Amino acid sequence: MDQDLGLDPALVQRLERLALVARQRTAGAGAGPRRSLASGSSVEFADYRTYAEGDDFRRVDWNAFARMDRLFLRVFEAEENTTVTIFVDCSASMAGGTPPKGRLAKQVAACLAYVALANYDRIAIAGIGDRLGPYLPPRSGRARAPEVWQFITDLPQTGATQLDRLAAFRGFKPAPGLAIVISDMLTPSDWRASMRTLHGECRQQVSVLQVLSPDELRPSIDGDWTLVDAETGQETDVSINPGLLSRYHQALVAHTTEVASWCQQHGMAFAQLASDSAIDEVVFRLLVRLGVAA
Amino acid sequence: MNVFAPSAIAFAAVGLAVLAQYFLKLRRPRKTLPSTYLWARAVVDTRANTPWQRLRAEPLLLLQLLAVVVIVFALMRPYVLRAGTIGSNVVLVLDASLTTQTVEKGHSRFDLEVAKAHAIVDGMPPDKSVSVIRLDGRPRVLLAGSTDKGDVDATLAGQKPGFEQPDTPAALNLALALASQGGAAKALVILLRSAATPVPPHNTSVPIQDIVFGSPASPNLGIDSLVAQSQPNGAINALYRVINNGSVKLDSDVELRADGKLEAVDHIAVPAGSYVLHSTTFLAKGASVIEARLSGADSLTADNTTWSVVNQQSHSKILVVTAGNVFLSSVLSALSDFDVATVDPQHYSPALASGSDLVIFDQVVPRILPPADLLLIDPPGDVLGIHTGGDRTADALELGDDPNGLLRFVTLADIHVFMARVASVPDWAHVALRDRTGPLLLEGTTSNGATGLRCAVILFDLRQSDLPLARDFPILISNLLSWLAPDSSIDQATVHPGDFVHITLPADTSVATVRAPDGTQLTLVSAASDQQGGQVTFTNTDTPGVYTVTVVAGAVRRQELFVVTPQIAPGSLSASASAIQSGGSAIVAKTGQVPVELTGGIAMAALLVLAAEWFVAMRLR
């Protein structure tokens, strides 16, 4: 199993018992166990759509291909799979923390991707830093898991967190599906507008997973420091004392509450993860409890 | 409350440094975090990039500033005056200047000072060390560190007030030096002074107890600055100044006497705190001493009389040894203040020079020089350590080292020397005039077998220059003679008490005496003295009046006079105690009170503040 992500075979085997939860009906691109807005193959024909890599070849309309010289997929109103897009924060801040926040973020992304693949869903991966990308187009089938994991492993961790770049996802003309954003959410950029775009224009069921390091949740430094932001280089002079630590905690709570409340108001799931959490604990307890997975 | 060390307030500048620590941002270690987003939200106030920040009234800042204030206060060494016993080392400064003779309510200020000093000494424990300093024009230690009260009382009883102006700074320096020997903390200086004696500001750690006697409002008229000049017709012009140091307008008759005979009386009215200059003329042909005296009685009588010397007769004798020098003869004959005799070198003998104040050798050097001041012109041989050689041509003249002003008012550009004599410069001589090659005029004081004989040497023949034709030639000769043969043996005809008088004696002086106004006589030179001629310094000018100097030189007996007059500056009698108050840093204590230093308690308070600051700092962390 993948050594960089630290996923052991027992964990992967347990992941096969999970499925990602769609709180609303979605239109998938292939047959699957999920009730789709589109008709399934077992019922009656609903529509054609353009073939995408990873689609089931059995549903390609070869007659249409012969006439149009293009691949079209027959869509039925029936049980359908769905496209799960995982946005992984690739900014420099994810490389920080003890352990690094980016490691847990990639582990969670890899687990959720495997869950999707094991349940016949299509999985797409997108890095998000100071731009949207790199992007792995939708893949389906358990056999694509190594490719997906490798892509996740190779995601860089540089630049600033610009969550407003998520809005560029509309350019991919995505099918309705699930969108999972894994980020520390520590950015002054306008993440709300981009989330609204994902949710509305892109018709994604959005879940937000905020990953913070223990140092950010419970700072243990003391004294006079010039704090340098790893992403922007911005310096902040602080004299850390109990008073300032209290104000920091208030700021952390306020920020978390702000994000969580906003997500709740817009029908999005939100979870805060500590980077020192065990991956199986996160997947099988926290995410299940929050309804991201079942 | 007062302080011993007010200058320590300069340490308050440390408070600015403390404030600066709060204004300026600290130089902090850097730490890179994944994101400072939350920290920036927590410390919004410190996000500005300016090197200073808004000052906030933090407890630490307030405590640190309080600590600075308390520590600076402790460094200033505050004290309070309390009744108690004085230290173990006491220095009594006894004012004996002129104004202590002021009599008020039947007692002079000096008598009151002495009585107070006796009382202080009598009230002291037996182990106390006492020093006594006399404060007048020349403060001096009368008694140093005595524990014997009998010695102290005897010393005090032997003092009388003088006529000098006080030199208070010198007396206080002397007292503080004595006091510091036993440790400043245990010392006390007690200044017993007239109200007219000013006290300058004094920075010292030794406490000074200032006891003032007299009233600034005491009525007093004083007379000084008498200048009298005789006219050819026998008239005397007298100009004098009358000073009113009291607080009300006063008037008085001024009697003018010539050699003790009353010649004129003026009536003078002087406004309070002011003075009047008055001039009068009267006939007193041949008088030598003019006396001006206030006839009215006031609180200070010592300044009611002054004197001036007129018709001082003193002609110096000059012997010129020359084969003939028309230029020199002409200019000497024009100077009427000298008795000039001329002799050919072939007829010269040392006996001829006896009694001469100055001997001029023109192009001749005798085998034995006379014990008199000398002017040597173009000496043809070695003399007085000067090694002479042949002639040399001279070029442009340059002014050299002329301490006696021989070339004063002489324009060198108008003088040209063609030939000069090659000569060395002895140790005693200054080169007053020179060209680029060598000396042209030497001056200095040499022994020549006696002490203090003045000598000038012109190292060229006057006829080898245009000097005798120059308009400044008489000036040069006058300068030379004024220095070599002054017309009076006394440098000042009028001095103040305590001043020195320099008396120049002829080389063959056998007897020189000075008779003081009280009739006492001091012998300066006698037959048994080593010194026969030269300059002597007379220092016993303590008593105002007329002093007579008698000099017997050879067969000649001469008498000259000088006078010692009290000096009173306008307003000096009422100088009062305000001087010490305005001093600020001087320590003022009333009788029976001693300063108690509070530094210890304040240092304890500083420690408490620092402990509180440390406690708060730990709590904030």
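This passage describes the contact between chains A and B, two helix pairs and the confidence of a predicted model.

The interface between the two chains draws on 30 residues of chain A and 22 residues of chain B. On the side of chain B that touches chain A, strand 2 (30-33) and helix 2 (37-42) each contribute at least two residues. Helix 2 of chain B provides the largest share of that side, amounting to six residues. By residue class, the side of chain B that touches chain A comprises 11 nonpolar, seven charged and four polar residues.

Strand pairing also links the two chains. Strand 8 of chain A, spanning residues 223-229, pairs with strand 2 of chain B in the parallel sense, and four bridges join them. Within this pairing, A:D229 has B:L33 of strand 2 of chain B as its bridge partner. Strand 2 of chain B is thus named twice, as a supplier of residues to the side that touches chain A and as the partner of strand 8 of chain A.

Within chain A, helix 3 (residues 101-118) packs with helix 4 (residues 145-153) at an angle of about 160°, and their axes are 10 Å apart. Because angles over 145 degrees count as roughly antiparallel, helix 3 of chain A is roughly antiparallel to helix 4 of chain A. The crossing of helix 3 of chain A with helix 4 of chain A is right-handed. Helix 3 of chain A enters the contact through A:K106, A:A109, A:A110, A:A113, A:Y114 and A:L117, while helix 4 of chain A does so through A:A145, A:V148, A:W149, A:I152 and A:T153. Of the residues in this contact between helix 3 and helix 4 of chain A, nine are nonpolar, one is polar and one is charged.

Within chain B, helix 1 (residues 13-23) and helix 3 (residues 59-75) pack with their axes 9 Å apart, at an angle of about 165°. These two helices of chain B, helix 1 and helix 3, are therefore roughly antiparallel to each other. Helix 1 of chain B passes helix 3 of chain B in a crossing that is right-handed. From helix 1 of chain B, the contact involves B:V14, B:G15, B:V18 and B:Y22, and from helix 3 of chain B it involves B:L61, B:Q64, B:L65 and B:V68. This contact of helix 1 with helix 3 of chain B contains six nonpolar and two polar residues, with no charged residues.

Regarding confidence, chain A has a mean pLDDT of 81, with 85% of its residues at 70 or more. Over residues 25-43 of chain A, pLDDT stays under 50, although the model has 87 contacts beyond four places in sequence for these residues. Predicted coordinates should not be read in detail where pLDDT is low.

Definitions and conventions: Residues are numbered from 1 along each chain as its sequence is written. Chains are lettered from A and ligands numbered from 1 in the order in which they are written. This is a predicted model: local features need pLDDT of at least 70, side-chain atom pairs count only at pLDDT 80 or more; totals for chains, interfaces and linings use all residues. Two residues are in contact if their C-beta atoms, placed from the backbone, lie within 7 Å. Ala, Val, Leu, Ile, Met, Phe, Trp, Tyr, Cys and Pro count as nonpolar, Asp, Glu, Lys and Arg as charged, and the others, Gly among them, as polar. Two strands pair if DSSP finds at least two bridges between them. Axes are lines fitted to C-alpha atoms, for helices over the stretch in contact, and angles run from 0 to 180 degrees between N-to-C directions. Angles under 35 degrees count as roughly parallel, over 145 as roughly antiparallel, 65 to 115 as roughly perpendicular and the rest as oblique. A crossing is left-handed if the near helix is turned anticlockwise from the far one by less than a right angle, and right-handed if clockwise. pLDDT is the predictor's confidence in each residue, from 0 to 100.
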